[in-house]
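Visitor: I'd like to go through this one piece by piece. Can we start with the strands and then move on to the helices?

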Amino acid sequence: MKWHILIGFLTAGAAVVLLGIIALNEPVRMESFSRSYHSRQIEEGARIFENNCRPCHGPQGEGSPLAPALNTSSLFNGERLTAVQFNGTLEDYVKGVVSSGRPVPSEGANYPQRMPTWSQEFGGPMRPDQIESVVAFVLNWEERALAAAEPTPVTGEPMMGTDIQIELPPGDAERGRALADGTLGCTVCHSLTPVGPAWAASGDQPGLTERAALRVEQADYAGEAGTPEQYLIESVADPNAYLVPGFTANVMPVNFADRITLQQMADLMAYMLSFR
Amino acid sequence: MAMLKNLSKYVPEMFRPHLPVLDDLKQKGPKKALQHLADDVVTRVTAGLSIADVRGVLRDDPAPRPNPRLTPHAEGFWLHMKPTYYHNLVDGLYPTFRLGWLATFFFAWEIVTGIYLMIFYTPSPLVAYENMLGILSNVPFGRLMRDTHKLGGELMIITVVLHMLRTFITGSYKRPRQFTWATGGLLLITTLFVSFFGYLLPWDQLSLWAVTIGASTAEATPLIGKQMDLLVRGGPEIGANGLLRAYLLHVIVIPLVMVITFGVHYYKVIIHGHSLPPGHEPIGEDSARKVPMDRRTYFMPKILTRELAYVFALVAILVLASAFNWGYHAPLEPHADPLVTPLHTTSPWYFLWIQGMMKMGDKLLFGVFIPFMVILPTIVVWPYMEVGPSRLYGHRRIGLSIAATSLIGAAVLSYMGTPWFAVTSSPDQEAVASLLPQTSPGPLRLAPWDEILYGTYEASRWQQAPSTTLQGLLRTFDREMEHVRADQRYLSPEGFMIIEDWQIDLKKVTLRVTWTDGDTGEPGEYFQTQYLHRHSDYGQGE
């Protein structure tokens, strides 16, 4: 037998065996690719969320005064779907809301802005695959959101109200920081850098305390505060009293006066005054 | 049998079917009759070879007399264009190296795999990328077909170029084979372009930007530049129209031109015979068609069985090359995004020489005029300009020197086309790209997920990182930071890697370079974030 005939037979056999091995392995390989692609969607979704959704929904989807929490058990245990009377799957619900936005807020919610439309189909900036990536990322919160206990503190403490001359109890800056970063979600908006709130001194901008002092002295200042402390309280409790040039009304939620206690305001004040 | 006989009694003569095999059955019995039938079928299919003849060919037996192996050449369609015998001087590896045959094999392979892929592909930006994912995740043999289609295409380009070089070196383009060479030149150009337009079809970042760079040269065409640009891209930027055009060019227009050109090319090869190695015939004579009886190598059995062996061997090699995760896999990057240009993006490697030339200056001169109006046309018409009769290597020093210089020139220009030549980029971005490149997965995405531990690390203190993986990554980062430190504009630069827990099975990795601007004293920062999922599993063939 000539060498090329031998090689022909051997390689033909080898090709058949290889194709057989591939055929046997295909289901596993296809499964593995699907899983890894889903994982990459989550990665991509995280990036998109950070750049587009974080300003309102918070870095970890914990929600803010501007938009509801996503990283929360009520989204995953069916409460939210029941509340909006949506009969489809959660995935479809999230995809629909991300794609076409929200013309009206959920009942009882009082967010200053509507959810914008994100899909190119509805005039937004995102391609279909980007929408799906964001949805994959949001749904990936399920396990932790369901695991996290959600205590709802009910206290009879006095609320803040809109009186900016009220006397505050002694505050604790550490607790204030926890409020700003967590429960109240102030730093969701009040941040310009990847780390820390924009209240710190940076560049030619002085710290928050200094800024407040300058503000009340300004000629165009239209609010009622006489001291830097009063100005800070006013900014939280009655934010439309004076608008810093460049900002529009109602972006800062107007309902903090009814949402935070006197003690919380004091803690926040202690925290804010720490930025000199 | 008995029934048939009885039946025939009742059916009038003119309606009785006459099947020779029934007569055979009657006369010789079932075994003999079936053998006869099989033999008949094989003889018809092979256009003249009985089963015994086929077996003789495959066993490499000497030809019987009269030789039935010549009949398929005379009567069959497929073999009528194959010569019955070759000169045994062209039967060895030298002088042809089988390169033309190999290019033909790859072309056939591309058609087979290409048709398979076409079944699962729609040329629309809305679904093209999703189709790629479908081919990889939901089509049996999808990855194999995609990978070997890409691999076969790239190997075809290499083979065609080597084939041209070989033909040039042995002087086989000379009289009377000038036209064969010219059609070969057209085949080279069409091979490059068919591959180029195929590049766009996956609709990922790699394809969009490689083709965008290539298509931008069309804009430099004199007088009708704008029209050419619009024609190629199908709009101001490549979108649905551009993708559809690339698809049609890739699957219909260019392949059709190639099939026709190849037909002419091969017809000319056979009409003139394979040229003998230089030095085996007197200068100026062509004796390829005058083959003495004792110097003939017949197509059957030797060449046929050898080519069959090549086919099986090549199929086995191509399948093996892409069968497992360690093999060759066609890249698939994130979805095409006209708004985001990846760092280090290039045209396809076989057009890097043009990109290299364009860096030397004028786009019109170096991007359009020289490559498409000087170099490629010169290749096509070369045999009509260089008409020296001698094919001897010693007599063709100038021609061979030009070939060698062109080769070196192409290599140098291709290098110049890469991002490592004359592309100004900021060293801070380069440092981050050393771990997070934008045109391939890169070290960070490929690193074992479990060993990327939470914390904030400094590149310069890579030795203190808690895992060897992190040490390796930070060391790579730190090495690239050397370029930042060497740059006067960056004062006290630092490289950081910050790894945070982000979601279940998801980590956030921030690569951050900070410095103080040498001129203004302002603090500077560049950072990039990559989220890493436990199962994203880069590098498994995409």
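Guide: First a definition: two strands pair if DSSP finds at least two bridges between them. By that rule S3(B) and strand S4 (residues 490-503) of chain B pair in the antiparallel sense, over four bridges. Keep in mind that this is a predicted model.

Visitor: Which residue stands opposite B:Ile499 in that pair?

Guide: B:Gly455 stands opposite B:Ile499, which is in S4(B).

Visitor: What sheet do these strands belong to, and in what order do the strands come?

Guide: The sheet is an open one of four strands in chain B, with the order S3-S4-S5-S6 and antiparallel pairing. Its edge strands are strand S3 (455-458) and strand S6 (523-533), and each of these pairs on one side only. On average, neighbouring strands are turned by 15 degrees against each other, direction ignored.

Visitor: What holds paired strands together in general?

Guide: Strands of a sheet pair through backbone hydrogen bonds, either parallel or antiparallel.

Visitor: How many bridges are there between S4(B) and S5(B)?

Guide: S4(B) and S5(B) pair over 11 bridges, in the antiparallel sense. In this pair B:Gln503 stands opposite B:Leu506 of S5(B). The hairpin of the two strands has two residues between them, and B:Asp505 there takes a positive phi near 65 degrees.

Visitor: And how many for S5(B) and S6(B)?

Guide: S5(B) and S6(B) pair over 11 bridges, again antiparallel. B:Leu511 has B:Gln528 of S6(B) as its bridge partner. This hairpin has five residues between the strands, and B:Gly521 takes a positive phi near 80 degrees.

Visitor: OK, helices now. Which ones lie across these strands?

Guide: Helix H19 (residues 468-486) of chain B lies across S3, S4 and S5 of chain B, running at about 150 degrees to S4(B). H1(A), from the other chain, lies across S4, strand S5 (506-517) and S6 of chain B, at about 145 degrees to S6(B).

Visitor: So the chains touch. How many residues of each are in contact?

Guide: 36 residues of chain B are in contact with 36 residues of chain A. On the chain B side, helix H7 (128-138), helix H8 (142-169), helix H13 (299-323), S4 and S6 each supply at least two residues. H13(B) gives the largest share, 11 residues. By class, that side has 22 nonpolar, 10 polar and four charged residues.

Visitor: Back to H1(A). At what angle does H1(A) cross H7(B)?

Guide: Their axes come within 7 Å and cross at roughly 135 degrees. H1(A) and H7(B) are therefore oblique to each other. A:Met30, A:Phe33, A:Ser34 and A:Tyr37 of H1(A) make the contact with B:Leu133, B:Leu136, B:Ser137 and B:Asn138 of H7(B). Those residues divide into five nonpolar, three polar and no charged.

Visitor: And what about H1(A) with H5(A): at what angle do their axes cross?

Guide: The axes of helix H1 (residues 3-57) and helix H5 (residues 128-139), both of chain A, cross at roughly 95 degrees and come within 7 Å. Angles of 65 to 115 degrees count as roughly perpendicular, so H1(A) and H5(A) are roughly perpendicular to each other. Among the residues making the contact are A:His38, A:Ile42 and A:Phe49 of H1(A), and A:Gln130, A:Val134 and A:Phe137 of H5(A).

Visitor: What classes do the residues of that contact divide into?

Guide: Seven are nonpolar, five polar and two charged in the contact of H1(A) with H5(A).

Definitions and conventions: Residues numbered from 1 in each chain as written. Chains lettered and ligands numbered in written order. Predicted model: local features only at pLDDT ≥ 70, side-chain atom pairs only at ≥ 80, totals over all residues. Axes fitted to C-alpha atoms, helices over the stretch in contact; angles between N-to-C directions. Parallel < 35°, antiparallel > 145°, perpendicular 65-115°, else oblique. Contact = placed C-beta atoms within 7 Å. Nonpolar A, V, L, I, M, F, W, Y, C, P; charged D, E, K, R; others polar.
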